[in-house]
There are 2 protein chains.
Amino acid sequence: MTRESLSGRSSPRPGGRSARVQAAVHAAVQALSQELGRSALTMPLIAARAGVTPSTLYRRWGDLADLLADVAVARMRPDMEPPDTGSLAGDLAAWSEQYLDEMSSDVGRALVHDVLAGRAPVDGQPVPCRCYEFTAAQLDTVLARARARGETDLPTTDALVDGIVAPIMHRLLFAPQAPDTAWLHHRLAQCLGRPVAA
Amino acid sequence: MTRESLSGRSSPRPGGRSARVQAAVHAAVQALSQELGRSALTMPLIAARAGVTPSTLYRRWGDLADLLADVAVARMRPDMEPPDTGSLAGDLAAWSEQYLDEMSSDVGRALVHDVLAGRAPVDGQPVPCRCYEFTAAQLDTVLARARARGETDLPTTDALVDGIVAPIMHRLLFAPQAPDTAWLHHRLAQCLGRPVAA
């Protein structure tokens, strides 16, 4: 199964009934989170706000943790291409600085927490795998751009996920302090085998 | 604050009342998990089995997720030194193979899930940071041993955490498949700048 088909399966047919329900439920979760705080959310409360029955929610999402995971992963889907700075090293620095920035914010940390708290697959795929696909697809784009520029000696997508994304996420989840930009540039240099401009 | 003092703070004075309560509560969680399954656990059930009042649990652990996180991290504390194979590369291969093996098991995955689901600090430290300290301390031991053998050109503990532990944990949490030993040896070789014997 290709990366594209996996990502594609995560959204129902646009405009269909299932897509409308999903949109209403996601909007209800976001609105209620802001009004009441996330710890106050319940399935009946979300159903009432979205205008669906609670059994619709249980049937599609299983339980509250799985619903929150699905909403979180939708919010983590990148909504733009990685910035094009003219070089692989520059693109990776720009993309990973932005990734670190977003993931280490309170909102980003809460989204990651929700994604990892989900248990059941949604649309056949464990929810956290969709985050993996998102970041791999972004790094694919950066590498394809470098290839098109004629840059050589390129790392693989997997090497970049393991060498950059993984230590960022691991430190955010487990380390006492969030990593800083100097640390990030050091990691990038390790991955690329050459220094990265600050 | 040193790594040692942080680890030390995670356990109350041995033999004291607080340590006895903690031991009883941890034992109750493990027994009830095996008998009823983890999803059936509640604070009153755990309190009854441990012979304490529910308010004792709420006062010390906050809520169920935080209590389960504390129990999980105690079970993740390494109970032996990393194996001594006679070389840094061998020690790292042996330690990280065992780490990958344990963390990718059903039990290991459930423990990591519980650790990350905890919100409140226990004894002043966020629970996941204690996992970070455990692995860093094990890698410190491996590096100190290499230094004592006269091995040179050693990586830092942080480089090993970022280069080996982080991608293992990131893949276990986010990737569709658990990594295999060939992948692990490739990561080790990247970290050490030389091949690692299979």
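Mentor: Let's settle one term before we look: contact means heavy atoms within 4.5 Å. This is a predicted model, in which local features need pLDDT of at least 70 and side-chain atom pairs count only at pLDDT 80 or more, while totals for chains, interfaces and linings use all residues. Residues are numbered from 1 along each chain as its sequence is written, chains are lettered from A and ligands numbered from 1 in the order in which they are written, and side-chain values use heavy atoms, with hydrogens and water left out.

Trainee: Happy with that! What pattern does chain A follow along the sequence?

Mentor: Helices (H or I, at least four residues) and strands (E, at least two) are DSSP runs, numbered from the N terminus. Chain A has zero strands and 10 helices, and its C-alpha atoms fill a box of roughly 55 × 35 × 25 Å along the principal axes. Read in order, the pattern is α-α-α-α-α-α-α-α-α-α.

Trainee: Which residue of chain A comes closest to the rotation axis?

Mentor: The copies are superposed by least squares on the C-alpha atoms of residues with pLDDT of at least 70 in both. A rotation of 180° with 0.0 Å of shift along its axis lays chain A on chain B, with an RMSD of 0.0 Å. The two copies are thus related as by a two-fold rotation axis. At 2.7 Å (C-alpha), the closest residue of chain A to that axis is A:Ala166.

Trainee: How many residues does the contact take from chain B?

Mentor: Both copies use the same surface, since 100% of the contact residues of chain A recur in chain B. Chain A gives 30 residues to the contact, and from chain B the number is 30.

Trainee: Which three residues supply 28% of the area that chain A buries against chain B?

Mentor: Buried area is the accessible area (1.4 Å probe) that two parts lose on being put together, summed over both. For chain A and chain B the total is about 2,500 Å², with 61% of it on carbon and sulfur atoms. The trio supplying that 28%, more than any other three residues, is A:Asp162, A:His170 and A:Phe174.

Trainee: A:Asp162 caught my eye. Which residue meets the side chain of A:Asp162 in a salt bridge?

Mentor: A salt bridge is a side-chain nitrogen of Lys or Arg within 4 Å of a carboxyl oxygen of Asp or Glu. There are four between chain A and chain B. At 2.8 Å from N to O, the partner of A:Asp162 is B:Arg171.

Trainee: And how far apart in sequence are the parts tied together by B:Arg130 and B:Asp70?

Mentor: Over all chains, the structure holds 20 salt bridges. One joins B:Arg130 to B:Asp70, with the closest N and O atoms 3.2 Å apart. B:Arg130 lies in helix α8 of chain B and B:Asp70 in helix α5 of chain B, so the distance in sequence between the parts they tie together is 60 residues.

Trainee: Now the pockets! How many residues line the largest pocket?

Mentor: On a 1 Å grid over the protein atoms alone, a pocket is an open set of points where a 1.4 Å probe fits, with protein on both sides within 12 Å along at least five of seven lines, and lining residues have an atom within 4 Å of a point. The largest pocket holds about 1,000 Å³ of space. A:Val112, A:Leu116, A:Leu173, B:Leu116 and B:Ala117 lie nearest its centre, and the lining count is 48.

Definitions and conventions. Points joined across faces, edges and corners; volume = space filled by probe spheres on them.
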